[in-house]
Each structure stands twice: as C-alpha cells, then as structure tokens.
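Here are my notes on this model, point by point. Please read them with the structure open.

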Amino acid sequence: MALLGIQDVTLNLGTGKLLDGATLHVEQGERICLVGRNGAGKSTLLRLMAGDLRPDAGEVVRTPGMRFGSMPQEVPVDMTGPVFGIVAGGLGPEGEALAAFHVLEAAREAGRPVDEVALAAARRGLESGEGWEHYGDVLSVCNHLRLDPEREFSTLSGGRKRRVLLARALVASQDLLLDEPTNHIDIDTIAWLEDYLMRRARTLVFVSHDRAFVRRLATRIVEVDRGKLHSYACGYDQYQEQREARLENEERQFALFDKKLAQEEAWVRQGIKARRTRNMGRVRALYALREERARRRERQGGVAMLAQEAERSGKLVIEARNVCFAHENARSVLRDFSALIQRGDRVGLIGPNGSGKTTLLRLLLGQLVPHSGEVRHGTRLEIAYFDQLRTALDGEKSVMDNVAEGADTIEVNGNRRHVAGYLRDFLFEPDRLRLPAKVLSGGERNRLLLAKLFTRPSNLLVLDEPTNDLDVETLDLLEELLAEYQGTVLLVSHDRAFLDDVVTSTLAFDDDGNVREYVGGYTDWLRQRPKPVADGAGGENAGGEVGSRGSSQPGDGPGNGSLNGPANGQIRKLTFKEQRELAGLREELAALPGNLDALEREQATLEARLAEPDFFTTDPEGFNAAAARVAALEGEQTALLERWEVAEARIAELAQFRE
C-alpha cells in the first residue's frame with residue numbers, strides 16, 4: 001500500500017488549473033524530487049500532500065496515523081516564540097513539553113527564579129520514553145543550521161526563518177515534505193543536510209533547483225508540467241534524457257493532430273456534398289477535435305537572455321593588495337587579502353554564510369574602503385551588479401517601470417525594442433507587466449533583476465546569489481549566457497553545479513578571515529583544499545546565531561541525539577565499548593607528540609645531509625633515497641597532525657559523559 005496517494009486531483013487557485021487530473025503514489029522509502037517551471041504547481045502539490053489544501057476534485061489518501069515533517073515555501077505570518085519552541089513544536093505535545101523544560105532550564109542557568117517543582121516535573125517527563133534523545137535532536141539540528149535556540153522567531157530574517165522551518169520538519173518525522181530546503185543555507189550546511197537526509201529520512205518528497213542536491217538524493221523524478229504529473233523512475237541526469245524523448249514524441253503527436261484538424265476544417269469549408277447523416281457524423285467529429293485542441297495547454301516558451309556587452313576593459317580588471325577589513329565591533333572579515341583579476345576571468349566566491357563574501361565584492365567594487373591595503377581598478381570598466389538583496393528593484397514600481405523607467409521602449413544591443421516584448425523573453429506575460437514588483441515571487445524577482453541588468457552594457461558582471469528561486473531551465477540558460485559572455489564575471493553562489501559549470505577560479509573563505517584562491521570550480525576546490533571541512537556546520541559559530549547551549553551539542557545531527565544530554569547533570573554513562581575506545585584514544589594521543597618529534601628530527605637530519613655539497617657526487621643513490629624519504633616524511637607528518645585533530649575531537653565528544 002502506498003504511503004500517500006493522489007488520485008485524479010484537480011485544483012484551481014484562480015489563475016487557471018494548476019493541477020488537472022493529476023495522479024501520484026508515494027511509496028515508503030522513496031526520495032522523490034518534484035521539478036518544473038516556476039509557477040507550475042510544485043509547492044501547491046506539496047501543500048496538498050501535507051493536508052494544507054483540499055483539491056477541487058479527486059482525492060488525497062494518506063496511510064492512517066501517518067505524519068509528515070513539512071517545510072512550506074512561505075513562512076507563516078502568525079508564528080512567534082523562541083526558536084527552540086518553534087523547532088520542538090514539530091513533535092506535537094511532546095515538543096511542547098520539551099519547550100517548557102528548555103525555558104525553565106534556561107532561566108535557572110541564567111540565575112532567574114524558577115518554579116523548581118515545575119522544573120522537576122518537566123525533567124521527569126523527559127526521562128520517560130525518548131525525551132532526552134528528542135531534546136538533543138532539537139539542539140543538534142539548531143546547531144548544524146546555525147540557529148540560536150533562544151532567539152525570538154519574529155526577529156529573524158526571512159532566510160533564517162526558513163531555516164527554522166527546515167529544522168522543525170527534520171525533527172518532526174522521518175517522512176518529509178521539503179520545499180526548497182537549500183535556499184539561504186551555505187555549501188557546508190547543504191552537504192550536512194544531504195548526509196542527514198541520506199541517513200535519516202525514511203521517505204522524502206522535495207522541491208529543489210539545486211542540481212547537485214537532486215543528483216545526490218533523488219531516486220525518482222516527478223515533473224509538474226501543464227497540470228499533469230510525469231514520473232521518471234531514475235536519477236536526475238537520466239530524467240533529462242527521458243524528458244527530451246517524451247517532449248519530442250509529444251510534438252510529433254501534436255503535429256499529426258493539427259494536420260488532421262486542418263484537413264477537417266478545409267473539408268467543412270467546402271460544404272457537405274454527400275448524404276446528410278454520414279456528413280453530420282463527420283461534423284460532430286470535427287467539433288470534438290476542436291474541443292480537444294482548445295483544451296491543449298502549450299508549453300511555455302523558454303527565457304531568452306542576452307547580455308549587452310560594453311567596450312572591452314583593459315587587461316587588468318581589479319587588483320587587491322594586502323587588503324584588511326573588519327566591521328565595527330566584529331571579528332576580522334578579511335586579513336591580508338591579495339588577488340589579481342584579469343579580463344575574461346570568471347571568479348567564484350564560496351564560504352559559510354556571514355563569512356564576508358558580499359563584503360569582499362563591495363570592497364572589490366570600491367563601495368567599501370579597506371582599513372589597510374589597496375584596491376586598484378583597470379580602465380574602461382562598465383559594471384553590472386546583481387545584488388543579493390535585490391535593492392536595484394523598486395518594490396512600488398511596476399514590472400515595466402523597473403526595467404524601462406517609465407519609457408515604452410529600451411535599447412538592447414543597438415536595437416530599439418518595446419519593453420513588453422523584451423520582458424516576454426523573461427517569461428513575463430502581459431497581465432503581470434503592470435503589477436508592482438513587491439508582489440512578485442522570488443523566481444520572478446530574480447528574472448526581473450536579470451532583465452534590468454542586461455539592459456545595461458557591461459564588461460564586468462557581478463552576480464551575488466543569482467540562482468535562488470530560478471528553475472532549472474532558466475539556470476541552464478543563464479549558464480549558457482555566462483559561457484558566451486566576453487567580459488569578466490564575479491560570482492557568489494551556493495549552487496555547486498552552477499559554480500562548476502561557470503567559474504574558472506575560486507576564492508574560498510576560511511573561519512579566520514583568510515581567503516585562498518584555487519583553480520577551477522567547487523569540485524576542484526574540494527580536491528585542492530588543505531583538509532576537509534568539518535562535517536556540516538556544527539563547529540564554529542560562523543553564522544553568528546548559535547547560542548552557548550546549542551553550540552555545545554556534538555555529533556553529526558539528530559541521529560546522535562542519544563549522545564546529547566542537556567546541561568542539567570542528567571548525563572548518561574559511556575558504554576563499555578565507548579570506555580575502551582576512550583582509553584585507546586588517550587594512549588594514542590599521549591604518544592602522538594613523541595612520534596611527531598621523531599619524524600621532525602629525522603627530517604632535520606636528512607635535510608642537513610642533503611645540504612652537504614659533496615653528498616650527491618660521492619653517493620648519488622644515497623642522495624636520491626634521502627630526498628625521497630624527506631618527501632615521504634612530509635606526508636607522514638601531515639597524516640599524524642590530521643589524526644591528532646580527529647582523536648582530540650572524539651575524546652572531547654566522549655569526555656562529556658560519565659565513565
């Protein structure tokens with residue numbers, strides 16, 4: 001029996017039928033990605049599955065007792081309270097008890113008076129069942145998503161509110177409905193989320209335009225296209241091939257149908273020449289063909305992007321020398337940063353949220369002045385800037401006025417075009433041209449900003465998070481445009497596939513305000529970086545919102561909830577196996593400094609021998625052997641240091657429990 005079934009569902013939300021006789025069955029254990037154009041109805045379909053909407057016709061059948069953890073696209077306007085309470089609320093009544101205990105415990109730790117009887121009762125409630133495990137789950141997920149459990153939900157930004165909703169869904173159930181879960185989270189957190197969902201999610205239905213995320217997770221692709229659902233029992237790359245074959249077959253069928261309809265229309269215009277009964281049957285068949293043709297929903301055309309290119313810039317575009325910068329009363333954002341960007345370079349910027357990527361862009365563009373060092377621009381620069389906050393758009397102005405500033409025509413690559421025709425290339429229908437920009441969806445706002453951006457001649461494109469909310473087809477076209485662009489590109493994105501396809505070099509931020517340059521895109525950076533980044537984002541408080549209570553939780557995620565007790569003394573004992581592991585790690589850690597010293601002494605001895613002027617001439621074989629050993633010693637020392645770090649981290653994780 002299917003976990004969830006949608007049978008012949010029709011739904012109209014006032015803008016035409018989003019779903020028209022749609023059918024889908026979700027089996028336990030599947031990971032289904034819903035794909036389709038912006039506005040096709042993917043989010044609506046998820047809301048139907050979650051029970052937030054009722055269909056106009058058809059039925060949605062769920063397994064009795066089934067509960068999905070659901071992350072909607074829009075943040076509920078009436079949701080208030082501390083982050084911990086919002087996240088724990090996904091667990092139902094048990095979550096309310098967890099939230100009550102958390103508030104009392106936080107007050108007691110802060111030295112405020114609390115009702116000790118109520119606190120003791122709440123603690124006893126947690127000790128029954130899986131209370132402590134779920135408590136640790138909530139704190140661990142908050143930590144990995146860089147959320148302060150104590151913050152008031154209503155004070156958060158829109159992006160952080162969506163992360164709270166994601167955390168709420170993750171702790172609520174192993175069966176999940178997630179709408180764009182990777183929006184507004186950085187690459188490290190996306191990688192943690194992928195691993196978490198692979199390990200913990202039992203059934204998953206999600207919407208995402210992050211192609212790397214979809215490739216990693218999806219076992220089936222379901223496309224929402226003109227009200228129908230098309231299922232592909234394969235991964236994302238195979239889906240693209242099968243989809244093209246389906247659309248080609250559809251076009252052939254439509255062409256045959258249109259040919260037959262044209263023939264019947266020509267016949268009826270010639271008049272009825274045979275017996276009336278037989279011809280009237282043919283006329284009725286023609287009426288049926290006309291009705292079928294009227295019901296057909298044509299595919300929406302693709303985005304047609306064309307960037308205007310200005311006169312070529314000089315060979316030097318931007319040079320930064322020893323740049324340092326820090327915000328007031330904050331840690332250093334940049335420390336001794338130097339870079340040389342030349343004409344034709346395509347540079348990607350990656351790093352955790354809050355690390356300073358947008359700040360670096362503004363420094364490079366001259367919008368901020370460095371505290372030390374200098375930034376020098378080349379000649380003939382014409383900059384087009386796609387900013388992360390979309391401040392170039394005026395929410396009160398109409399779609400047309402944002403692009404044409406009140407005019408009816410614009411000039412694109414030397415040709416005058418009516419603004420309505422130009423905006424149609426970006427999929428804006430005539431009925432949306434007079435709408436104020438503030439009512440547009442996220443994907444529409446991004447397309448509008450791109451349309452505005454590409455009306456200006458440029459030879460330096462600066463794109464800060466351009467991929468959020470864009471559908472896959474638009475992303476593919478944007479990639480093609482950037483590949484053909486003859487100028488220079490600076491790009492900030494958390495879309496790993498987009499980075500791999502576009503950039504030629506990468507500037508990567510670390511936690512200390514250092515920025516290092518690597519050749520190639522995201523995958524190349526993974527291969528070249530000095531050491532793997534810690535799993536997920538649970539280590540440092542890079543996002544600036546992990547409180548002391550949240551950040552104290554170790555482990556890979558909610559799966560380690562049993563290792564995460566609250567800071568109230570109720571800590572479990574180590575198992576016998578864990579005690580033996582801890583003892584072995586301590587012995588190993590005690591021996592590591594001596595082993596490292598021995599390697600360093602051997603290296604120093606060999607290097608001194610290699611420096612002797614007659615060593616090579618008197619013993620060439622010995623010289624080659626010594627040189628090879630020095631190279632091997634470098635690798636052995638690196639391996640020891642990495643093992644040292646791993647051992648210390650594991651000891652710290654185990655040491656917080658009773659032996």
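**Notes on four helices**

1. Gly51 has a positive phi of about 85°, just after α1. Helices here are DSSP runs of H or I with at least four residues, numbered from the N terminus.

2. This is a predicted model: local features need pLDDT of at least 70, side-chain atom pairs count only at pLDDT 80 or more, and totals for chains, interfaces and linings use all residues. Residues are numbered from 1 along each chain as its sequence is written, and side-chain values use heavy atoms, leaving out hydrogens and water.

3. Helix α1 covers residues 42-50. Seven of its nine residues are buried (under 20% relative accessible area, 1.4 Å probe, protein chains only). Among them are Lys42, Leu45 and Met49.

4. Helices α5 (residues 131-144) and α6 (residues 158-172) pack with axes that come within 10 Å and cross at roughly 145°. Axes are lines fitted to C-alpha atoms over the stretch in contact, with angles from 0 to 180 degrees between N-to-C directions. The contact (heavy atoms within 4.5 Å) involves Asp137, Val138 and Val141 of α5 and Ala167, Leu170 and Val171 of α6.

5. Does the length of α7 (residues 187-200) agree or disagree with its residue count? It agrees: at 1.5 Å a residue, times one less than the number of residues, its 14 residues should span 20 Å, and the end C-alpha atoms are 20 Å apart.

6. Asp186 caps the N-terminal end of α7. A side-chain oxygen of Asp186 lies 3.4 Å from the backbone nitrogen of Asp188. Within α7, the buried residues include Asp188, Trp192 and Tyr196.

Terms used:
Helix = DSSP H or I, 4+ residues; strand = E, 2+ residues; numbered from the N terminus. Buried < 20%, exposed > 50% of the residue type's maximum accessible area, 1.4 Å probe, protein only. Polar contact = N/O pair within 3.5 Å; in protein donor to acceptor, adjacent residues only side chain to side chain.
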